Amino acid sequence: MKILVTGGAGFIGSTLVDRILAEGHEVEVVDDLRSGTLGNLANARAEASGRLKIHQCDIRDDALVDLVSRRAPELVVHLATSTDRSRDTSSATSAAIDVAGTIQVLEGAVAGGAGKVVMAGSARARAGGSGRAAARVFAEQLPFTYRERYGLEHTVVVLPTVYGPRQVPGVESSVVATFAERLVHNKPCVVHGTGDQSRDLLFVDDAVDALVKAMTSGDGLTVEVGTGRQTSIRSLERAMAGIVGVEVEPVPGAGADDEPGEVVVDPQRAAMYLGWEAFTPLPEGLTDAVVALAP
């Protein structure tokens with residue numbers, strides 16, 4: 001099967017590319033390389049034997065529709081979103097990436113004759129109340145329109161806080177990578193707000209497994225995937241400090257107005273419709289994330 005992955009040079013996208021190449025598929029990556037890197041795809045490029053093509057393109061560009069149409073993928077996985085960018089990205093820019101970019105991807109999928117689009121949704125956006133969050137949630141509804149009008153099948157996989165190797169510190173939902181980077185250099189972590197805000201932490205391999213399962217199941221559905229368990233930011237910092245083996249104390253930071261107090265998902269529908277469940281224990285996943293950033 002030929003599969004096109006937007007955001008395929010990001011940390012989730014590149015991990016997905018590794019997985020689907022290992023399963024024998026052809027992969028077309030579309031990424032503007034503003035947050036993703038070719039380094040994330042180094043192993044894939046070395047081992048793909050001509051089954052990997054990389055296209056540097058912003059999903060908002062008009063050229064995107066023609067590109068997807070010409071490459072004619074059988075399936076599209078849409079991972080390129082505003083959450084890959086810095087927190088400094090404006091709400092208007094985020095909305096353009098999420099809404100206009102998603103429309104371009106869907107238009108390209110229709111023009112190229114793709115049978116299905118698997119799209120990553122955001123549990124954080126669904127829990128938040130900002131304009132950025134509203135735009136993201138709106139974008140996640142767009143595949144339903146294309147299903148009704150053009151018969152383009154879809155599954156929206158709503159992800160919680162995904163973490164793991166290749167994640168870049170300092171972008172939205174990168175708390176694990178940010179803490180790991182600080183702790184491995186024996187620097188204190190900044191715990192914003194009370195530290196009681198909780199997250200459902202999902203290891204990247206588990207998230208990728210859900211996306212792969214959604215390629216052949218869950219048609220027409222929006223499905224949350226996650227552990228279903230809450231971890232507070234304060235307890236996360238302490239657990240990671242223990243893994244690294246440092247005793248540096250965290251420092252308090254101001255809370256963000258648009259930061260949700262709780263982001264946790266219910267994975268029951270994922271088990272029912274995708275045959276999926278999380279399989280990486282939190283201590284094991286956090287250890288892998290720390291090792292990836294160790295000097």
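In this predicted model, Ser198 has Ser232 of strand E12 as its bridge partner. Strand E9, residues 198-199, and strand E12 are antiparallel and joined by two bridges. Both strands belong to an open sheet of three strands with mixed pairing, ordered E12-E9-E14. Strand E12 (231-232) and strand E14 (262-263) each have a single partner strand and stand at the edges, so one side of each is left without a neighbour in the sheet.

The protein as a whole contains twelve helices and 14 strands. Its radius of gyration is 18 Å, close to the 19 Å that the globule rule gives for 295 residues, so the protein is as compact as a globular protein of that length. Along the principal axes, the C-alpha atoms fill a box of roughly 55 × 40 × 35 Å.

Contacts can be considered next. Of those between residues at least 6 apart in sequence, 83% join residues at least 24 apart. Buried residues account for 53% of the 295 residues.

The surface and the charges are described by the following values.

| Property of the protein | Value |
|---|---|
| Exposed area | about 12,400 Å² |
| Share of the exposed area from carbon and sulfur atoms | 49% |
| Positive side chains | 27 side chains |
| Negative side chains | 39 side chains |
| Distance between the centres of the two charge sets | 3 Å |

Carbon and sulfur atoms thus supply 49% of the exposed area, and the centres of the 27 positive and 39 negative side chains lie 3 Å apart.

Notes:
Residues are numbered from 1 along each chain as its sequence is written. This is a predicted model: local features need pLDDT of at least 70, side-chain atom pairs count only at pLDDT 80 or more; totals for chains, interfaces and linings use all residues. Side-chain values use heavy atoms; hydrogens and water are left out. Helices (H or I, at least four residues) and strands (E, at least two) are DSSP runs, numbered from the N terminus. The radius of gyration is taken over C-alpha atoms; the globule rule is 2.2 Å times the number of residues to the power 0.38. Buried means under 20% relative accessible area, exposed over 50%, partly exposed in between (1.4 Å probe, protein chains only). Contact means heavy atoms within 4.5 Å. Accessible areas come from the Shrake-Rupley method with a 1.4 Å probe; for residues, only the protein chains shown count as cover. Lys and Arg count as positive and Asp and Glu as negative; His and the chain ends are not counted. The place of a charge is taken as NZ of Lys, CZ of Arg, CG of Asp or CD of Glu. Two strands pair if DSSP finds at least two bridges between them.
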